[in-house]
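Got your viewer open? Load the model and let's take a walk through it, one selection at a time.

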Amino acid sequence: MLAETICSAVSVAGLGIAAVTAYRKRFLSAARIAAYSLVPIGLVMTGVVKWLAHTAFSPTAWAGFVVLGAAWLLFLATRAVERRRYGTRKERRAAARAARENEATAPSASGPALPARTPGRPSAGDAGRPTGSSRGAKPDEDFSDIEAILKKHGI
């Protein structure tokens, strides 16, 4: 009852201010003030104010807002972890598409055909060879495979 009275008083005061503004020949501002001042009385007439008054003093309603807030925080936390772990949605889709294309074009092998070699570390087969950039080979032998490919293509 008190809320309805306050809303009615605010609306009447706003309409009074709008009338004074219109008297000063500022009709656009007066119309805007009148629109704002009609909102509280409209809320009273539709029953929104009564609903808000019952909600504001209801512990069940406040518990519901707390539960909704917790759900919202959980949603945001899971999205943040998902983005941090897997990247954005575009990146995940591109990775899945690339994985599907890779599976379709190359059959899966049980293991690599040749062991991977890194520049700084010798592999198991290089145990007897000295380390370094040439690895004991002459400069002419390093390009023998390239020369064979060029000769094959007639270059």
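Which residues form a positive surface patch? Select R83, R89, R93, R97 and R100, and show their side chains: together they make up that positive patch on the surface. Keep in mind that you're looking at a predicted model, not an experimental one.

Now colour helix 5, which covers residues 89-105. Helix 5 gives the most to the positive patch, with 4 residues. One residue to click on is R89, which sits in helix 5. R89 counts as partly exposed because its relative accessible area is 46%, and partly exposed is the class between 20% and 50%.

Time to zoom out. Switch to a cartoon view and count along: the protein has 7 helices and 0 strands. Starting at the N terminus, the order of elements reads α-α-α-α-α-α-α. Next, turn on the surface. The protein exposes about 13,400 Å², and 66% of that comes from carbon and sulfur atoms. How much of the protein counts as buried? Of its 155 residues, 9% do. If you like looking at contacts, here's one more figure for the whole chain: among contacts with a separation of 6 or more, 26% are between residues 24 or more positions apart.

Next stop, a patch of another kind. Select V39, L43, V48, W51 and L52, which form a nonpolar patch on the surface. Together these residues have about 450 Å² of accessible area. Two elements give two or more residues each to this patch: helix 2 (27-46) and helix 3 (48-56). Which helix gives the most to the nonpolar patch? That's helix 3, with 3 residues.

While you're here, click on W51, which is in helix 3. Is W51 buried or exposed? W51 counts as exposed because its relative accessibility is 54%, and the cut-off for exposed is over 50%.

Head over to helix 1, residues 2-23, and pick out S8. S8 is partly exposed, with a relative accessible area of 28%. Now select I41 as well and draw a distance between the two C-alpha atoms: S8 and I41 are 33 residues apart along the chain, yet these atoms are separated by 5.6 Å.

Stay in helix 1 and move on to T21. Is T21 buried or exposed? T21 counts as buried because its relative accessibility is 12%, and buried means under 20%. What is T21 in contact with, leaving aside its neighbours within four places in sequence? Show R26, S29, A30 and I33, and you'll have those contacts on screen.

For the last stop, select K25, in the loop between helix 1 and helix 2. K25 counts as exposed, at 65% relative accessibility. Take a look at its backbone too: phi of K25 is near 65°, a positive value in a residue other than glycine. Why point that out? Because most residues other than glycine have a negative phi.

Want to retrace your steps? Go back to the positive patch with R89 in it, then to the nonpolar patch that includes W51, and finish again at K25 in its loop.

Terms used. Residues are numbered from 1 along each chain as its sequence is written. This is a predicted model: local features need pLDDT of at least 70, side-chain atom pairs count only at pLDDT 80 or more; totals for chains, interfaces and linings use all residues. Side-chain values use heavy atoms; hydrogens and water are left out. Buried means under 20% relative accessible area, exposed over 50%, partly exposed in between (1.4 Å probe, protein chains only). Contact means heavy atoms within 4.5 Å. Accessible areas come from the Shrake-Rupley method with a 1.4 Å probe; for residues, only the protein chains shown count as cover. Patches are made of residues with over 30% relative accessible area and no salt bridge: like charges are joined within 9 Å, nonpolar side chains (Val, Leu, Ile, Met, Phe, Trp, Tyr) within 5 Å. A salt bridge is a side-chain nitrogen of Lys or Arg within 4 Å of a carboxyl oxygen of Asp or Glu. Lys and Arg count as positive and Asp and Glu as negative; His and the chain ends are not counted. The place of a charge is taken as NZ of Lys, CZ of Arg, CG of Asp or CD of Glu.
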